[in-house]
Structures are given as structure tokens and as C-alpha cells.
Amino acid sequence: MMSDVRRRRREEERKIKKIKPNPEKEKKDKRVKIYGITALVLFFIIAIIAIFLKAWWEFRAKYGS
């Protein structure tokens with residue numbers, strides 16, 4: 001009788017542990033994802049600016065202004 005009650009209680013505790021998500025971990029994962037996307041966007045913007053500046057520099061060298 002007692003062992004059945006203990007077993008049920010343990011099973012319920014395990015179910016509760018499985019169901020409960022960790023909100024701190026989810027926030028951290030979300031933050032990391034946002035940082036990654038932001039880093040990629042900044043990288044591409046800087047690359048485009050660098051390509052534009054190089055083309056402008058070559059144009060000035062070739063035609064002079």
C-alpha cells in the first residue's frame with residue numbers, strides 16, 4: 001500500500017519535471033539567436049560598404065575627380 005503511494009507520487013513528480021520548461025534557458029537561447037542574426041546583418045552591411053568604398057576608390061584612381 002505505502003509503496004504504491006510512493007510510486008505514484010514519484011511518477012507525478014517526474015511528469016511535473018518533464019512538463020516544466022526552463023524559462024531562463026529559453027530566454028538565453030532566444031537572446032543568442034537574436035545576437036547571431038544581428039551579427040550576420042552587420043557583417044553583410046559592412047561587407048557591402050567595403051565593396052562600395054573599394055569600387056569608389058578604383059573609380060577615383062582611374063578617372064580622377
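How many residues apart are Arg 7 and Asp 4 in helix α1? In this predicted model, the two sit three residues apart, so about one helical turn separates them. That spacing fits a simple rule: an α-helix has 3.6 residues a turn, so residues three or four places apart point the same way. Arg 7 and Asp 4 pair up in a salt bridge, with 3.4 Å between the closest N and O atoms. Both partners are partly exposed, Arg 7 at a relative accessible area of 48% and Asp 4 at 35%.

The structure has two salt bridges, and helix α2 supplies another pair. Here Glu 58 bridges to Lys 54, the closest N and O atoms lying 3.9 Å apart. Glu 58 and Lys 54 are four residues apart in α2, so again about one helical turn lies between them. Lys 54 counts as exposed because its relative accessible area, 55%, is over the 50% cut-off. Glu 58, at 46%, is partly exposed.

Back in helix α1, which covers residues 2-19, sits Arg 14. Arg 14 joins Arg 6, Arg 9 and Arg 10 in a positive surface patch. With a relative accessible area of 53%, Arg 14 is exposed.

As for overall geometry, helix α2 runs over residues 23-63, 41 residues in total. At 1.5 Å a residue, a span of 60 Å is expected, and the end C-alpha atoms are indeed 60 Å apart, so the two values agree. Right after α2 comes Gly 64, with a positive phi near 65°.

Notes:
Residues are numbered from 1 along each chain as its sequence is written. This is a predicted model: local features need pLDDT of at least 70, side-chain atom pairs count only at pLDDT 80 or more; totals for chains, interfaces and linings use all residues. Side-chain values use heavy atoms; hydrogens and water are left out. Patches are made of residues with over 30% relative accessible area and no salt bridge: like charges are joined within 9 Å, nonpolar side chains (Val, Leu, Ile, Met, Phe, Trp, Tyr) within 5 Å. Accessible areas come from the Shrake-Rupley method with a 1.4 Å probe; for residues, only the protein chains shown count as cover. A salt bridge is a side-chain nitrogen of Lys or Arg within 4 Å of a carboxyl oxygen of Asp or Glu. Lys and Arg count as positive and Asp and Glu as negative; His and the chain ends are not counted. The place of a charge is taken as NZ of Lys, CZ of Arg, CG of Asp or CD of Glu. Buried means under 20% relative accessible area, exposed over 50%, partly exposed in between (1.4 Å probe, protein chains only). The expected span of a helix is 1.5 Å times one less than its number of residues.
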